[in-house]
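Okay, let's get going. I'd like to walk you through the aromatic rings first, and then the empty spaces.

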Amino acid sequence: MSEDDHGLTARRLLRGASGAMLATSAEGQPFASLVTPAVLPDLTVLLLLSDLSEHTRHLKAEPRCALLVQGAAETANPQTAPRVTITGLAELAPAELKPRWLARHPYAAFYADFGDFHLWRIRPAAALLVAGFARATRLRQADLLPDAAAVAALAAAEGGILGHVNADHADALDAIATGLLGQAPGAWQMTGVDPDGCDLAAGEAVARLDWPAPVADANGVRLALVAATRDARARMS
């Protein structure tokens, strides 16, 4: 597996995770807690944290932290599960990013605006990918992050992509969600797009579609969606 493949595997794990383990410290004592991440196109991780929580108090005093996410184990042995740990500094994030977090966690809408909740972000500085039992690889930031030009191109095009796909191709999204991703039929909408895939939601249900390979622009998204729709419909026929 090349360094590019390691980086893509790590990003897919991060982007697809609905839960993660956050490691903080207080006066030298490590502490771990469950958090719910959402990942921006540039791989910045968003967390909505309560000021009342232990980990938030830790981060205010010591922003250095780590985040662990994992996929499904290949066998009964939990050590065969792919997982990635990122390290970085936590800081408060602009409130205007909250819709991106809520798109990944729509069930949280009823408490997301409580006064003690604030959005935080972690920009990955490095990572350790364990792709399975005895398959560990350290990743520098440059090996981990997506292509910056692709991130910028898709950020500029995202509004148009979401508007077009959601208005004109709802049937394709439903086919992808049900035929490829194992979801129940519903009013599926695309809520975000990035170089590695796209996020879908129907009510409180969410799903992640990974592109076969990273894309660089809106045309790459179009081609990947066409291929995914064709594959989904073939499986359902």
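So, ground rules for the rings: I call two rings of Phe, Tyr or Trp a pair if their centres lie within 6.5 Å, and the pair is edge-to-face if the planes are over 60 degrees apart. And keep in mind that what you see is a predicted model.

How many aromatic pairs does that rule give? The count comes to four. Take Phe110 and Tyr111: their centres are 5.1 Å apart and the planes sit at 90°, which makes the pair edge-to-face. Phe110 also pairs with Phe114; here the centres are 6.4 Å apart, and the planes are again at 90°, so this one is edge-to-face too. With the cut-off at 6.5 Å, 6.4 Å still gets that pair in.

Now, are these residues buried or exposed? Well, Phe110 is exposed, at 61% relative accessible area. Tyr111 comes out at 18%, so we call that residue buried, since the limit is under 20%. Phe114 is partly exposed, with 40%. Put the ring pairs together and you get a cluster of Phe110, Tyr111, Phe114 and Phe117.

Right, on to the empty spaces, starting with the largest pocket. That pocket holds about 270 Å³ of space. There are 16 residues in its lining, and the ones nearest the centre are Val165, His169, Arg222, Leu225 and Val226. Which helices supply at least two lining residues each? Those are H5, residues 148–168, H6, residues 170–180, and H7, residues 218–236. H7 gives the most, with seven residues. As for chemistry, the pocket lining has nine nonpolar residues, four polar and three charged.

Then there's the closed space. Searching the whole structure for cavities of 30 Å³ or more turns up one. The largest cavity has about 100 Å³ of space. At least two of its lining residues come from each of strand S3 (37–39), helix H3 (98–104) and strand S9 (189–194).

What does the cavity lining look like by class? Six residues are charged, three are nonpolar and two are polar. If you want to click on some of them, the lining includes Arg15, Arg100, Arg104, Asp194, Asp199 and Arg208. Ala38, Val39 and Ala103 are in there as well, and so are Thr191 and Gly192.

That's my tour, so over to you.

Key: Residues numbered from 1 in each chain as written. Predicted model: local features only at pLDDT ≥ 70, side-chain atom pairs only at ≥ 80, totals over all residues. Heavy atoms only, no water. 1 Å grid on protein atoms, 1.4 Å probe; cavity = no way out; pocket = protein on both sides within 12 Å on 5 of 7 lines; lining within 4 Å. Points joined across faces, edges and corners; volume = space filled by probe spheres on them. Helix = DSSP H or I, 4+ residues; strand = E, 2+ residues; numbered from the N terminus. Nonpolar A, V, L, I, M, F, W, Y, C, P; charged D, E, K, R; others polar. Phe/Tyr/Trp six-rings, centres within 6.5 Å; stacked < 30°, edge-to-face > 60°. Buried < 20%, exposed > 50% of the residue type's maximum accessible area, 1.4 Å probe, protein only.
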